[in-house]
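Biologist: I should like to discuss the structure shown here with you. May I put some questions on its strands, its core and its charged pairs?

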Amino acid sequence: IRDISVWLEFRRVLFRSPDEYDALFVLQSVNGKPVFINCRIRDISAGGLKLEFPPGTPELKLSDMIKGSIRLGIRRPLEFEMEVRFAQKHSSGFQVGGVQFRNIDHFMENRLLSLMMDLQREIWLRFSAKKDKKPFKPKT
């Protein structure tokens with residue numbers, strides 16, 4: 001992104017995935033070793049993801065390189081290389097990890113920005129209506 005102020009704002013955009021929303025990261029490899037595990041996306045931003053890895057996932061460490069695809073709702077999957085920035089294993093066997101996008105070109109930056117705006121709109125429309133249960137009526 002050529003305008004640094006736009007890029008800085010873009011990096012702050014965050015999507016927190018509601019439990020009812022179909023947001024998956026399909027883990028395809030860890031440090032070049034093939035694995036195929038569906039992981040839950042908890043947060044997504046322009047910089048990376050917070051993921052929940054199920055029991056049986058190889059134990060992740062700082063600086064591990066992973067590869068996989070993001071699947072959000074009915075959108076086409078997007079494939080990424082990512083670096084583990086933090087990892088925490090819980091007693092239940094689940095791991096929570098923060099991963100950072102690697103090797104992102106200008107085209108992918110624009111796709112991520114578009115995706116973030118689209119997700120915010122979709123989540124607001126879908127889940128705000130459930131909470132209100134009353135149709136919106138503007139004040140006159």
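Modeller: Two strands pair if DSSP finds at least two bridges between them. Please bear in mind throughout that the model is predicted.

Biologist: With that criterion, which residue stands opposite Gly97 in E7?

Modeller: E4 and E7 run antiparallel and are joined by 6 bridges. Within this pairing, the residue of E4 that faces Gly97 is Leu51.

Biologist: Which residue stands opposite Leu51 in E4 on the side of E3?

Modeller: E3 and E4 form a hairpin with 2 residues between them. Their pairing is antiparallel, over 4 bridges. In it, the residue opposite Leu51 is Ile41.

Biologist: What pattern does the protein follow along the sequence?

Modeller: The protein has 2 helices and 7 strands. Read along the sequence, their order is α-β-β-β-β-β-β-β-α.

Biologist: How many residues does the largest nonpolar core have, and which helix gives two or more residues to this core?

Modeller: Among the residues with the most contacts inside this core are Phe25, Ile41 and Leu49. The elements that give two or more residues to the core include strands E2 (23–30), E3 (33–45) and E4 (48–53), as well as a helix. The core has 27 residues, and the helix is H2 (106–132).

Biologist: Phe25 is named in that core. Which Met does Phe25 touch, leaving out residues up to four places away in sequence?

Modeller: The residues that Phe25 touches include Ile37, Ile41, Leu49, Leu51, Ile66 and Ile70. Polar residues are also in the list, among them Asn38, Lys67 and Ser69. The Met in the list is Met82.

Biologist: Is Thr57 buried or exposed, and at what relative accessibility?

Modeller: Thr57 lies in the loop between E4 and E5. Beyond its neighbours within four places in sequence, Thr57 is in contact with Leu27, Ile37 and Gln95. Buried means under 20% relative accessible area. Thr57 therefore counts as buried, at 8%.

Biologist: Why is the aromatic pair classed as tilted, and what is the angle between its planes?

Modeller: A search of the whole structure finds 1 aromatic pair. Phe80 and Phe101 have ring centres 4.6 Å apart, and the pair is tilted because planes under 30 degrees apart count as stacked and those over 60 as edge-to-face. The angle between the planes is 45 degrees.

Biologist: How many residues apart are Phe80 and Phe101?

Modeller: Phe80 is buried at 3% relative accessible area, and Phe101 is buried at 7%. The pair links strand E6 to strand E7, and the separation is 21 residues.

Biologist: Which residue meets Arg75 in a salt bridge, and in which helix does this partner lie?

Modeller: The whole structure holds 6 salt bridges. In one of them, with N to O at 2.7 Å, Arg75 meets Asp118. Arg75 lies in the loop between E5 and E6, so the pair ties together parts 43 residues apart in sequence, and the helix that holds Asp118 is H2.

Biologist: Which residues do salt bridges with shared partners join into one network?

Modeller: The side chains of Glu83 and Arg102 meet in a salt bridge at 3.3 Å, N to O. Glu83 lies in strand E6 and Arg102 in strand E7, 19 residues apart. Glu83 is buried at 11% relative accessible area, whereas Arg102 is partly exposed at 33%. The network consists of Glu83, Arg85 and Arg102.

Definitions and conventions. Residues numbered from 1 in each chain as written. Predicted model: local features only at pLDDT ≥ 70, side-chain atom pairs only at ≥ 80, totals over all residues. Heavy atoms only, no water. Core = buried A, V, L, I, M, F, W, Y, C linked by side-chain atoms within 4.5 Å. Buried < 20%, exposed > 50% of the residue type's maximum accessible area, 1.4 Å probe, protein only. Contact = heavy atoms within 4.5 Å. Phe/Tyr/Trp six-rings, centres within 6.5 Å; stacked < 30°, edge-to-face > 60°. Salt bridge = Lys/Arg side-chain N within 4 Å of Asp/Glu carboxyl O.
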